[in-house]
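Colleague: I'd like to learn how to read a few local features in a model like this. Could you walk me through some?

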Amino acid sequence: MENILEVHEGCFSYSRKQPILKDISFSLRGGQIMAVMGRNGIGKTTLIKCIVGILSWDSGYSAVERKKIGYVPQAHRVSFSYSVRDMVVFGKTGHNSRFAAPGRQDYVLADEMLKKVGIYHLREQPCNELSGGQLQLVFIARALMNAPKLLVLDEPESHLDFRNQIRLLKLIQSVVAENNIACMINTHYPNHALRIADQCFLLGEGDYMTGNTDEIMTDGNIQKYFGVYSHSEKFQYKDEMITSFSFLDEVR
């Protein structure tokens, strides 16, 4: 199957004395989800910004069609009072001419995306009145407006309660499977990575590890890349064998 994203020897630094990303290489195919993980401040969001083109690699490159990327940044409160429906529609018109006005079909498509993410009932609500979790779903609906080949989500579970985190994970899985797209998700939750990700990317200081989730997400790698001791165990849920981590203590 064709790779949707290829990163080849990508390097980036904010200061020459302290490189953030060094010789990053990996690929991602349609239908695959990759979880990007590591400690706070290690460079996960920087990696995502280099891939989507917000930042430019110092050397190396990302091979992906920019207009086919759906990017969902970390959710923050917004001050403007656009309706949810208008905010989602703007995701479509952003790729048209500078002065293009949305048409009827754009609004029909926006309604479809809002139904897909489960917030159609909020379509007339002003965005500045939404919770952080609701706003995150608005941005996901917006990102889907242009039928992306690559969906990139930066901490999408932030501001969501546990029940809605599970709903969001199911949504990501269904969107990826139904549309055969690739997805990168920056997450702080190893158990979420185990639940939905085919691939994992663990980022550390000056190194990284990437591969199949079952092979990458081990107690030893959790200790190395997160600085905590963990205990993994497997249990049966319905017809599926699930691996789960318990976190014991920080590494001294």
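Modeller: We'll go through a pocket, a buried loop residue, a helix and a strand residue, keeping in mind that this is a predicted model.

Colleague: Let's start with empty space. What is the volume of the largest pocket?

Modeller: The general idea first: rolling a probe the size of a water molecule over the atoms shows where empty space is left. Here, the largest pocket comes out at about 540 Å³.

Colleague: Which residues lie nearest its centre?

Modeller: Asn191, Leu194, Arg195, Ile242 and Thr243 do, out of 23 lining residues. By type, the lining splits into nine nonpolar, eight polar and six charged residues.

Colleague: And which elements each supply at least two residues of that lining?

Modeller: Three helices and two strands: α5 (162-179), α6 (190-196), α7 (213-216), β10 (228-237) and β11 (240-250).

Colleague: Let's move to the loop between β7 (182-186) and α6, where Thr187 lies. Is Thr187 buried or exposed?

Modeller: The cut-off for buried is under 20% relative accessible area. Thr187 has 1% relative accessibility, so it counts as buried.

Colleague: What does Thr187 contact, leaving aside its neighbours within four places in sequence?

Modeller: Ala35, Val36, Met37, Glu157 and His192. With Glu157 there is also a polar contact between the two side chains, at 2.6 Å.

Colleague: Now a helix. How many residues of α1 (residues 44-52) are buried?

Modeller: A general point on helices: an α-helix has 3.6 residues a turn, so residues three or four places apart point the same way. In this case α1 is mostly covered, with seven of its nine residues buried. Those are Lys44, Thr46, Leu47, Ile48, Cys50, Ile51 and Val52.

Colleague: What happens just after α1?

Modeller: Gly53 sits there, with a positive phi of about 95°.

Colleague: Last one: Tyr14, in strand β1 (residues 3-15). Is Tyr14 buried or exposed?

Modeller: Exposed means over 50%. Tyr14 has 56% relative accessibility, so it falls in that class.

Colleague: Which residues does Tyr14 touch, not counting those up to four places away in sequence?

Modeller: Ile20, Thr46 and Leu55. The Thr46 pairing ties back to α1, where Thr46 is one of the buried residues. The side chains of Tyr14 and Thr46 make a polar contact at 3.0 Å.

Colleague: And how are Tyr14 and Asp58 placed in space?

Modeller: They are 44 residues apart along the chain, and their C-alpha atoms are separated by 9.6 Å.

Definitions and conventions
Residues numbered from 1 in each chain as written. Predicted model: local features only at pLDDT ≥ 70, side-chain atom pairs only at ≥ 80, totals over all residues. Heavy atoms only, no water. 1 Å grid on protein atoms, 1.4 Å probe; cavity = no way out; pocket = protein on both sides within 12 Å on 5 of 7 lines; lining within 4 Å. Points joined across faces, edges and corners; volume = space filled by probe spheres on them. Helix = DSSP H or I, 4+ residues; strand = E, 2+ residues; numbered from the N terminus. Nonpolar A, V, L, I, M, F, W, Y, C, P; charged D, E, K, R; others polar. Buried < 20%, exposed > 50% of the residue type's maximum accessible area, 1.4 Å probe, protein only. Polar contact = N/O pair within 3.5 Å; in protein donor to acceptor, adjacent residues only side chain to side chain. Contact = heavy atoms within 4.5 Å.
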